[in-house]
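Student: Please take one part of this model and go through it closely. I would like to know what meets what there, and on what terms.

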Amino acid sequence: MALAFWSCEKDLPTEAVIEPYTFAGLDENGGNWAPILLANGSEIGIPAPADVTSAAYLAELEDLKNAASGLSSSQKAAVQYWGGNALVRWNEIARELAAKYNLIPAPNPDGTYPAPDAANPSQYPLFPFANPPYTCRMLAYWSAAQFDAMIAAWYHKYQFNRPAPHEVDGSIKTLLPHSGLPAYPSEDAAIAAVSQAVLSAMFPLEKDFLTAKAEEHKNSRLWAGMNVESDLVAGDSLGRAVAARFLARAATDGMKNAQTPKPVSDSIAQAAQDRFGWHWENLEIPQRPVGLAPLFGKVKPWCVPNIVDVRPGPPPAPGSPEFQRDAEELQDIQDNLTTEQRHIANFWSDGLGTYTPPGHWNRFASDALLARNYNPLRTARTFAYMNMAIMDAGISCWDAKYYYHYPRPSQAIPGFQTILGIPNFPSYTSGHSTFSAAAATVLAHIFPEDKAQFDAWAEEAAESRIYGGIHYRFDATVGIETGHLVGNYSVVVAQADGAE
Amino acid sequence: MKYFKLWAPAIALALSLNLSAQTPSDAIYMDKGQICLAALYTHDTWDEYWEGTLKRNNENIGTLTRQTVMPMFALGITDRINVIAGLPWVRTKASAGQMAGVSGIQDAGLWVKAKAFEFKSGESVLTLHATAGLTVPASNYLADYMPFSLGLGCVDASLRAIVQYQWKGWYARAHSGYHVRGNTTIERDYYYTTQDYYTDEVDMPNALDYGASLGWWNPKGTLKAELTMDGLKTLGGFDIRRQDAGFPSNKMNFTRLGAGMQYYPISGTGLGIIVSGGYVVAGRNMGQSLVLTGGVTYQFHIWH
């Protein structure tokens, strides 16, 4: 009987189910919105498309009919997979790669630790170690580049106004809803090209995987009867050009210096010791010689002009009454942990081997976007402002973490044990709190009807770290405040980009 | 002879803990109406484990200790059909690092064992048995964060065949069982194994257990000694990646060698003492455990 019961169990969900939909709006003027790095939507030119009455175009239509006939079941599945919201799909892929690469290096037999090497990514430990700073930056570049690519695509779409193939030839039956968008350049090809380029740079060992995904994505547009080849070629070239701009910024944003050598790390700790009389220490055995990304706080932000401007004030000194109050709260929680507290700590843990808190918020954003049938331009815009805010929050948080260099509860409270693993960086402020409040601020601006939900999630994410025993309440409270402050910088930029 | 009847199942349960949720694997029965009560304590420690196939230590765990206290009983429904039940309480603790250990009730187990076949020739006896078992999580313990978690948190239904050859006071026995496992639940609705999962449910791989033993009774029937080999092979599951945490659906395999004794110090009282030990000699995604068990048994008739 038991055997019969289990034989009908269903496969567990490994990806979002996205039904292809009709866009809620087309944003015909989106080509005039202000991009992030490009000067404007027209900056990167593409050739004018052949006229739909030309022999060249008619030949493409014939090719399209051939490509769309006799599809295999896997080709039809690819049409459905990419046809719902391709940006959400690529976001899902980016999150999966973050989780796959979010593994901290194991110690060598002699007690030292190896480090990932971007120049030799396949040597253990594999490059990258997709920790929260790495992942938030990866998602920010991916989504900001997508936004600029979509603005540029929209500009040229309405510049050239090439109709979709089915509008030219009524005999073409599409497998996806008609979008109403001009077809040239293909937004899907641009999305695939940006994703392939940016994610391959971030995850160099996945280049073949990502290239195959991008090819499938672009081909799915032919199989679905949605775009002719020249639509795709133009979108692809536009996407590549935009991605190159963003990767040029990434090469010089300071990330390559974020993981410091030990002498630099030691001097940062000593500076806090001199300034405040305390410093954080990694308590792992063997001790990790350098915390995670001590100079991530120096990486170039997107929307916050000067990161020190949003640096919070100092935490209470260890031993002070304010400290004692929050330390006693932690001990009390660990001694009397309820099932609900344990559940919250675990639900938000987003630790090693996961997509990290930035990934968690991208999942929330994906769900919110899908619920509204957003077009790719608005989808990219949402991801872009949220992920720029999340990365700025990460930069700000890391600035505070290594400026104040505050001990974790397990270091400051003798004998204190936790139900979650202790991250390899200082305590104040909480990364979960800062990331989450920044993300919630942007999402609440874009989806004001869901503001209460986003705020509640951010508060719970912050609280979860207290339940987990790895942050004091003041880490969480101040992290939330700073996150909102940082998130507002992105909102201000968003308010001025022409989309509202 | 009746004194010896709970020994093997008790050891099998105690040694296996949650890891295989093994069902009773001996060839001995309570008489109809007879019950054996037992209380067992198991002390399981390791300081090296297999991360996938890589043997390693972890100085942030130091020595992991898993203590189990298990009350159980075996009841003779008929002379050839027994019911066995157990309810372990487990505590885990690491000697180093900051991770807090946990404690609580693990999985309730119920087994029905039946003698299917018996062939006698002179002093030789060949018997064939079958055991059907079910273990069910008996508290809301968290299956996540192996090796700290109390158990796998899943329902486990098993079917096992046992064959025994007996000659005078000696016997040799072999068994193998197939475990069908239901999903387990963790407290996060996203996780990565070898790919993403957007659910808090974890599909648990099925498993095969196996074992063999060689044993001897003293002529007075008050002492029994046994050498054992047993193991678990998880059918599916994935390896722990380098420096990653353990997960319920890891491919957990082990082979263990052990020995045990049961002794009835005072004839006629129904009181027995159990001691046993086992050591894992090969494994995958599991600790290299040294397992020591001690306990008392008491058996009597509740009806005739």
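Tutor: What follows looks at the boundary between the two domains of chain A, and then turns to chain B. The model is predicted.

Chain A is divided into domain 1, covering 67–74 + 81–251, and domain 2, covering 261–495. Taken over C-alpha atoms, the centres of domain 1 of chain A and domain 2 of chain A are 28 Å apart. Domain 1 of chain A puts 36 residues into the contact, and domain 2 of chain A puts in 40 residues. The size of an interface is often given as the accessible area lost when the parts come together. Between domain 1 of chain A and domain 2 of chain A, about 3200 Å² is buried, with 76% of it on carbon and sulfur atoms. On the side of domain 1 of chain A, the residues that lose the most area to domain 2 of chain A are Y113(A), F147(A) and R249(A), which together make up 20% of what that side buries.

Between domain 1 of chain A and domain 2 of chain A there are zero salt bridges, while twelve residue pairs are in polar contact, both residues at pLDDT 80 or more. On the side of domain 1 of chain A that touches domain 2 of chain A, the elements giving two or more residues are α4, α5 (132–160), α7 (187–202) and α9 (229–251) of chain A. The largest share of that side, 16 residues, comes from α5(A). By class, the residues of that side are 24 nonpolar, eight polar and four charged.

Chain A also touches chain B. This contact takes 42 residues from chain A and 34 residues from chain B. The area buried between chain A and chain B is about 3600 Å², and carbon and sulfur atoms give 53% of it. Two salt bridges are found across the interface of chain A and chain B. In a salt bridge, the side chains of R363(A) and D189(B) meet at 3.0 Å, N to O. The side of chain A that touches chain B has 21 nonpolar, eleven polar and ten charged residues.

Within chain B, Q164(B) lies in strand β10, residues 156–167. Q164(B) has a relative accessible area of 4% and is therefore buried. Leaving aside neighbours within four places in sequence, Q164(B) is in contact with residues including A27(B), V125(B), Y171(B) and R173(B). The side chains of Q164(B) and Q166(B) are joined by a polar contact of 3.4 Å.

Technical notes. Residues are numbered from 1 along each chain as its sequence is written. Chains are lettered from A and ligands numbered from 1 in the order in which they are written. This is a predicted model: local features need pLDDT of at least 70, side-chain atom pairs count only at pLDDT 80 or more; totals for chains, interfaces and linings use all residues. Side-chain values use heavy atoms; hydrogens and water are left out. Helices (H or I, at least four residues) and strands (E, at least two) are DSSP runs, numbered from the N terminus. Buried means under 20% relative accessible area, exposed over 50%, partly exposed in between (1.4 Å probe, protein chains only). Contact means heavy atoms within 4.5 Å. A polar contact is a pair of N or O atoms within 3.5 Å; within protein, one must be able to donate a hydrogen and the other to accept it, and residues adjacent in sequence count only if both atoms are side-chain atoms. Buried area is the accessible area (1.4 Å probe) that two parts lose on being put together, summed over both. A salt bridge is a side-chain nitrogen of Lys or Arg within 4 Å of a carboxyl oxygen of Asp or Glu. Ala, Val, Leu, Ile, Met, Phe, Trp, Tyr, Cys and Pro count as nonpolar, Asp, Glu, Lys and Arg as charged, and the others, Gly among them, as polar. Domain bounds come from an automatic or database domain assignment.
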